[in-house]
Amino acid sequence: MKALIPFVGSAETIKLAEIVKEELEKKNFSVQLSEVIKHKKKGKSKLSRIKSGVTDWKAFDLVVLGFPVIGISSSHLMNDYLKQCVNIKGKKTAIFISCIGLHGNALKKASSIVSFHGGKVKDSIVISSFLGLNEKKQEQAREFIKNL
Ligand SMILES: Cc1cc2nc3c(=O)[nH]c(=O)nc-3n(C[C@H](O)[C@H](O)[C@H](O)COP(=O)(O)O)c2cc1C
């Protein structure tokens with residue numbers, strides 16, 4: 001089985017993405033980490049142009065999205081990335097987000113874009129990056145994947 005982890009990088013999100021990858025590999029997934037990076041040049045569309053980040057989900061059985069909370073919402077880059085993805089329909093999806101405490105509508109926003117395109121968000125987790133990603137928080141992330 002194949003899993004994709006598209007993530008918007010921040011120090012803690014990258015660490016979490018690596019933990020998620022490790023746990024999925026323990027469940028025998030072949031995992032592709034895919035950092036979503038914005039193109040420096042703007043396109044004609046209002047959406048951010050994506051420089052890197054796998055946008056075709058066809059080959060994957062599971063997609064686990066990760067991003068930091070920015071401005072009490074999901075990162076604009078993640079939202080714009082999701083709007084440009086194809087073959088989301090029917091895809092099993094999970095979401096992890098990192099924040100320092102106020103996540104507002106971040107999960108709701110990203111979940112609603114996935115659902116709108118026919119994806120199925122099975123579970124989500126908010127991990128506080130306040131004071132760093134200690135053992136307890138890392139274990140929370142591992143349990144999240146184990147129970148997926
Ligand atoms: C511009 C900016 C806005 C942010 N807004 C929020 C926010 O509204 N709520 C929150 O809990 N964390 C917020 N954060 C904190 C990030 O979510 C946090 O940086 C992220 O969880 C990753 O941690 P790291 O920067 O240590 O890698 C913000 C960070 C930045 C840089």
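Student: Which residues come nearest to the ligand?

Tutor: Ser-10, Ala-11, Pro-68, Ser-98 and Cys-99 come nearest, among the 16 residues around the ligand. A residue counts as near a molecule or strand when its C-beta atom, placed from the backbone, lies within 6 Å of it. Please note that this is a predicted model, in which local features need pLDDT of at least 70 and side-chain atom pairs count only at pLDDT 80 or more, while totals for chains, interfaces and linings use all residues. Residues are numbered from 1 along each chain as its sequence is written.

Student: Which helix and which strands each supply at least two residues of the shell around the ligand?

Tutor: They are helix H1 (11-26), strand S5 (62-70) and strand S7 (92-99). Helices (H or I, at least four residues) and strands (E, at least two) are DSSP runs, numbered from the N terminus.

Student: How do the residues of the shell divide by class?

Tutor: Eight are nonpolar, seven polar and one charged. Ala, Val, Leu, Ile, Met, Phe, Trp, Tyr, Cys and Pro count as nonpolar, Asp, Glu, Lys and Arg as charged, and the others, Gly among them, as polar.

Student: Why is Glu-18 called partly exposed?

Tutor: Glu-18 is found in helix H1. A residue is buried if 20 or more other C-beta atoms, placed from the backbone, lie within 10 Å of its own, exposed if 12 or fewer, and partly exposed in between. Glu-18 has 14 such neighbours, so it counts as partly exposed.

Student: What makes H1 oblique to H4?

Tutor: The axes of H1 and helix H4 (residues 135-146) come within 9 Å and cross at roughly 40°. Axes are lines fitted to C-alpha atoms, for helices over the stretch in contact, and angles run from 0 to 180 degrees between N-to-C directions. Angles under 35 degrees count as roughly parallel, over 145 as roughly antiparallel, 65 to 115 as roughly perpendicular and the rest as oblique. The angle of roughly 40° falls in none of the named ranges, and H1 is therefore oblique to H4. The contact involves Leu-16, Ile-19, Val-20, Glu-23 and Leu-24 of H1 together with Gln-138, Ala-141, Arg-142, Ile-145 and Lys-146 of H4; two residues are in contact if their C-beta atoms, placed from the backbone, lie within 7 Å. By class, this contact has six nonpolar, one polar and three charged residues.

Student: How do you know that H2 and H3 are roughly parallel?

Tutor: The axes of helix H2 (residues 76-84) and helix H3 (residues 106-116) come within 9 Å and cross at roughly 5°. That value is under 35 degrees, and the two helices are therefore roughly parallel to each other. Met-78, Asn-79, Leu-82 and Lys-83 of H2 make the contact with Lys-109, Ala-110, Ile-113 and Val-114 of H3.

Student: Why does Asn-28 count as exposed?

Tutor: Asn-28 lies in the loop between H1 and strand S2 (30-35). It has 7 other C-beta atoms within 10 Å, and because the limit for exposed is 12 or fewer, Asn-28 is exposed. Asn-28 also has a positive phi of about 70°, although it is not a glycine. Most residues other than glycine have a negative phi.

Student: What makes Ser-124 partly exposed?

Tutor: Ser-124, in strand S8 (residues 120-128), has 18 C-beta neighbours inside 10 Å, a count between the two limits, so it is partly exposed. Not counting residues up to four places away in sequence, Ser-124 touches Ala-94, Ile-95, Leu-107 and Ser-111.
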